[in-house]
Amino acid sequence: IFACSLDQVGLHEMRVMSEKTGGYMVMSDSFSMHVFKDSFRKVFDCDAAGYLQLGFNAQLEVFTSRDVKCSGAVGCLASLGKQSPCVAEQEVGVG
């Protein structure tokens, strides 16, 4: 969360979201302050191959109706390995 204002941004109320997700919270009185600029650049730093240096440990669960089965997803994902009526027997894609 990047906020630039001296009051009325609701940053205190959003603090829990940042703490539980391992996110960043930066507040400054202006977008031109060095603290804001340096923090923003740090979040989007890339390694030598051009990838973001941040790692995200997110889990995405898909729930479908009875007639639909999920067999894969597009993107950089890994299976949770859960078996249920919503999961197809044939796995599609490379994660």
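## Basis of the description

Helices are DSSP runs of H or I with at least four residues, numbered from the N terminus. The model described here is predicted. The sections below treat the salt bridges, the cysteines, a surface patch and a strand residue.

## Salt bridges within helices

The structure contains 3 salt bridges. One of them joins Arg-41 to Asp-38, with a separation of 3.3 Å between the closest N and O atoms. Because Arg-41 and Asp-38 are 3 residues apart in helix 2, about one helical turn separates them. Arg-41 is exposed, at a relative accessible area of 52%, whereas Asp-38 is partly exposed, at 45% relative accessibility.

Another salt bridge pairs Glu-19 with Arg-15, and here the closest N and O atoms are 2.8 Å apart. Both residues belong to helix 1 (residues 11-21); they are 4 residues apart, so about one helical turn lies between them. Glu-19 counts as exposed, with 52% relative accessibility. Its partner Arg-15 counts as partly exposed, with 40% relative accessibility.

## A salt bridge after helix 2

Lys-69 forms a salt bridge with Glu-89, the closest N and O atoms lying 3.2 Å apart. Lys-69 and Glu-89 are both located in the segment after helix 2, so this pair ties together parts that are 20 residues apart in sequence. With regard to solvent accessibility, Lys-69 is partly exposed at 43% relative accessibility, and Glu-89 is exposed at 72%.

## Cysteines

How many disulfides does the structure hold? The number is 0. Cys-70 takes part in no disulfide, and the nearest cysteine sulfur, which belongs to Cys-86, is 8.9 Å away. Likewise, Cys-86 is in no disulfide, its nearest cysteine sulfur being that of Cys-70 at 8.9 Å. A disulfide requires a pair of cysteine sulfur atoms within 2.5 Å, and the Cys-70 and Cys-86 sulfurs, at 8.9 Å, therefore do not form one.

Is each of these two cysteines buried or partly exposed? Cys-70 counts as partly exposed, at 27% relative accessibility. Cys-86 is buried, with a relative accessible area of 18%. The cut-off that applies to Cys-86 is under 20% relative accessible area for a buried residue.

## A nonpolar surface patch

Which residues form a nonpolar patch on the surface? The patch is made up of Phe-40, Phe-44 and Leu-52, which together have about 280 Å² of accessible area.

Leu-52 is placed in the segment after helix 2 (34-43). Leu-52 is partly exposed, with a relative accessible area of 40%. Membership of a patch calls for over 30% relative accessible area, and the 40% of Leu-52 therefore satisfies this condition.

## A buried serine in strand 2

Ser-28 is located in strand 2, which comprises residues 26-28. This serine is buried, its relative accessible area being 8%.

What does Ser-28 touch, when residues up to four places away in sequence are not counted? The contacts of Ser-28 are with Ala-3, Cys-4, Ser-5, Met-33 and Phe-36.

Methods:
Residues numbered from 1 in each chain as written. Predicted model: local features only at pLDDT ≥ 70, side-chain atom pairs only at ≥ 80, totals over all residues. Heavy atoms only, no water. Buried < 20%, exposed > 50% of the residue type's maximum accessible area, 1.4 Å probe, protein only. Patch = residues over 30% accessible without salt bridge, like charges linked within 9 Å, V, L, I, M, F, W, Y side chains within 5 Å. Areas by Shrake-Rupley, 256 points an atom, 1.4 Å probe, with all protein chains shown as cover. Salt bridge = Lys/Arg side-chain N within 4 Å of Asp/Glu carboxyl O. Helix = DSSP H or I, 4+ residues; strand = E, 2+ residues; numbered from the N terminus. Contact = heavy atoms within 4.5 Å.
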